[in-house]
Amino acid sequence: MAISQLGERDRRRVLRHLLALEDHDRLLRFGSRLPDEQIEAYVNRIDFKRDTVYGVFNRVFKLVAMAHLAFAPKEQVGGQFDTEKPMIAEFGVSVLKQARGYGIGSKLFERAAMHCRNHDVDVLYMHYLTSNKAMVHIAKKAGMEVQREYGEADAYLKLLPASPGSVLQEALEEQYAMFDYTLKANARAAAKLFGVRKK
Ligand SMILES: CC(C)(COP(=O)(O)OP(=O)(O)OC[C@H]1O[C@@H](n2cnc3c(N)ncnc32)[C@H](O)[C@@H]1OP(=O)(O)O)[C@@H](O)C(=O)NCCC(=O)NCCS
């Protein structure tokens, strides 16, 4: 599975992806059933230079999954963090219904954790509703420390420092993803040019 790092050129794709989420999924992803305008405002605020945004494309270059890894000073996030580092990372993810159950959500989480390790951030934080069984499972599987409160949960993962292996693995995955992105983007552009319908 190729996990691409998204940039400014993908902002519209990110918006289309999030607008495709149904009401209940919006609730699970953002903690409330955000209307389209607020999703649009959220997407417009994404700072692709400061944060890291990952995407998974299907074969017709549709964004079927995305994860937003936002870095923030630990005082800003609130809560007690077991870290000497000034920044912590907050993770949010969504996978379109048709692509669920194939391990994409878990893989995006693992990729984000590796990126944090390699960028001197040692706490990965996630906020979710405790009714979100898939997310509860992902947090448990990753060995996260979980604090539950009133139907919501904050989960923290303490990360190991970077190693030569983690740096190399991230570099290789990035290279593979860049190849996959270029191939699919070109194929999509060619299909548009020759009027082939997307499926
Ligand atoms: C949560 C979400 C990202 C998971 O994506 P996904 O690609 O289906 O995740 P995976 O395929 O990696 O599955 C995650 C694990 O949860 C398990 N799982 C899924 N649904 C489950 C359920 N209802 N009960 C228990 N476990 C469940 C899967 O079996 C899988 O376990 P495994 O890895 O041990 O086999 C996706 O459901 C989604 O986008 N939901 C809406 C938005 C959201 O909830 N975002 C999270 C808030 S930050």
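**Ligand contacts and nonpolar cores**

In this predicted model, a polar backbone atom of Gly105 sits 2.9 Å from an oxygen atom of the ligand, a polar contact being a pair of N or O atoms within 3.5 Å. Two further backbone approaches involve a ligand oxygen atom: a backbone N or O atom of Val95 lies at 2.7 Å, and one of Gly103 also lies at 2.7 Å. Taken alone, the ligand exposes 950 Å², of which the protein buries 73% (Shrake-Rupley areas, 1.4 Å probe). Around the ligand there are 21 residues, and Val95, Gly103, Ser106, Asn132 and Lys141 come nearest (near: a heavy atom within 4 Å).

Turning to the interior, the largest nonpolar core has 31 residues. Such a core is a set of buried Ala, Val, Leu, Ile, Met, Phe, Trp, Tyr and Cys residues joined through side-chain atoms within 4.5 Å, with buried meaning under 20% relative accessible area (1.4 Å probe, protein chains only). Leu69, Phe91, Leu108, Phe109, Cys116, Leu124 and Met126 touch the most other members. Helix 5 gives the largest share, 6 residues (helices are DSSP runs of H or I, at least four residues, numbered from the N terminus). Leaving aside neighbours within four places in sequence, Leu108 is in contact (heavy atoms within 4.5 Å) with residues including Ile3, Tyr54, Phe91 and Val93. A second, separate core of 19 residues includes Leu15, Leu21, Val53 and Tyr181.

Residues are numbered from 1 along each chain as its sequence is written, and side-chain values use heavy atoms, without hydrogens or water. Local features need pLDDT of at least 70 and side-chain atom pairs count only at pLDDT 80 or more, while totals for chains, interfaces and linings use all residues.

Key
Buried means under 20% relative accessible area, exposed over 50%, partly exposed in between (1.4 Å probe, protein chains only). Helices (H or I, at least four residues) and strands (E, at least two) are DSSP runs, numbered from the N terminus. A polar contact is a pair of N or O atoms within 3.5 Å; within protein, one must be able to donate a hydrogen and the other to accept it, and residues adjacent in sequence count only if both atoms are side-chain atoms.
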